[in-house]
Amino acid sequence: MMITDVREAYRRALDDFGVLVHRITPEQWHNRTPCVDWDVRALVEHVVGENLWAPELLGGRTAAEVGNAFDGDLLGDDPLKAFDTSATAAVQAVCEEGALARLVRLSFGDVPGEEYVTELFADVLIHTWDLARAIGADERLDPELVEACAAWFA
């Protein structure tokens, strides 16, 4: 595996997803995705939601404490800004000193920060393919990121 820092892998995966978000045309927001229950808007909103959770959970709050703070429409009238703002905050949170060593309290139990960030990375990488397919973009993913993700899944 060439990538040894999950924070860098996560940042690169979010960057790749963001490139696609910025290519979405107005008529594509309601395109179906490979995630059968989601259209493009719901898929982007899912990633934005994950991004918004990251600073909270890596900052020491529990899933129960955050509760339903991120329920509802997270994209509003400016989905691009919502994505960009959330991605910046998420990357800042995962790059904070000690973030990977912190205990993250998820709804299903506690995990080390590094495991949580790896899960975020895998999620956004896979959803990058979903978004590319939904908007008719190039579906090839960064081979280094795929290798890193596959090694984690293995």
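In this report, Ala, Val, Leu, Ile, Met, Phe, Trp, Tyr, Cys and Pro count as nonpolar, Asp, Glu, Lys and Arg as charged, and the others, Gly among them, as polar. By that scheme, the lining of the largest cavity comprises 5 nonpolar, 1 polar and 2 charged residues. The structure is a predicted model.

**Cavity and pocket**

The count of cavities of 30 Å³ or more is 1. The largest cavity holds about 40 Å³ of space, and its lining is formed by Tyr10, Leu14, Val47, Glu50, Asn51, Leu120, Asp123 and Val124. Helices α1, α2 and α5 each give two or more residues to this lining.

The largest pocket contains about 220 Å³ of space. Its lining consists of Glu50, Trp53, Leu57, Ala63, Leu106, Ser107, Phe108, Tyr116, Glu119, Leu120 and Asp123. At least two lining residues come from α2 (40-58), and at least two from α5 (113-135). The greatest contribution to the pocket lining is that of α5, with 4 residues. The two linings are set out by class below.

| Feature | Volume | Nonpolar | Polar | Charged |
|---|---|---|---|---|
| Largest cavity | about 40 Å³ | 5 residues | 1 residue | 2 residues |
| Largest pocket | about 220 Å³ | 7 residues | 1 residue | 3 residues |

Glu50, Leu120 and Asp123 appear in the linings of both the cavity and the pocket.

**Nonpolar core**

The largest nonpolar core has 49 residues, of which Tyr10, Leu14, Val44, Tyr116, Phe121 and Leu131 touch the most other members. Two or more core residues come from each of α1, α2, α4, β1 (103-106), α5 and α6 (143-153). Helix α5 provides the largest share, 11 residues. Two of the residues with the most core contacts, Tyr10 and Leu14, also line the largest cavity, while Tyr116 lines the largest pocket.

Around Val44, residues up to four places away in sequence being left aside, the contacts are Phe17, Val21, Ile24, Trp29, Leu75 and Leu131. One of these partners, Leu131, is itself listed among the core members that touch the most others.

**Aromatic pairs**

There are 3 aromatic pairs in the model. One of them joins Phe17 and Phe83: the ring centres are 5.6 Å apart and the planes meet at 45 degrees, so the pair is tilted. That class covers planes neither under 30 nor over 60 degrees apart. Because Phe17 belongs to helix α1 (residues 6-21) and Phe83 to helix α4 (residues 79-95), the pair ties together parts that are 66 residues apart in sequence. Both rings belong to buried residues: Phe17 has a relative accessible area of 0%, and Phe83 has one of 3%.

**Two charged residues in helices**

Arg41 is located in helix α2 and is partly exposed, at 22% relative accessibility. Its contacts, again without residues up to four places away in sequence, are Trp29, Asp73, Leu75, Gly76 and Pro79. Trp29 and Leu75 thus appear in the contact lists of both Arg41 and Val44. Between the C-alpha atoms of Arg41 and Val146, which lie 105 residues apart along the chain, the separation is 24 Å.

Asp84 is located in helix α4. Its relative accessible area is 31%, so Asp84 is classed as partly exposed, the range for that class running from 20% to 50%. From Asp84 to Leu14, 70 residues away in sequence, the C-alpha to C-alpha distance is 9.5 Å.

Key. Residues numbered from 1 in each chain as written. Predicted model: local features only at pLDDT ≥ 70, side-chain atom pairs only at ≥ 80, totals over all residues. Heavy atoms only, no water. Phe/Tyr/Trp six-rings, centres within 6.5 Å; stacked < 30°, edge-to-face > 60°. Buried < 20%, exposed > 50% of the residue type's maximum accessible area, 1.4 Å probe, protein only. 1 Å grid on protein atoms, 1.4 Å probe; cavity = no way out; pocket = protein on both sides within 12 Å on 5 of 7 lines; lining within 4 Å. Points joined across faces, edges and corners; volume = space filled by probe spheres on them. Core = buried A, V, L, I, M, F, W, Y, C linked by side-chain atoms within 4.5 Å. Contact = heavy atoms within 4.5 Å.
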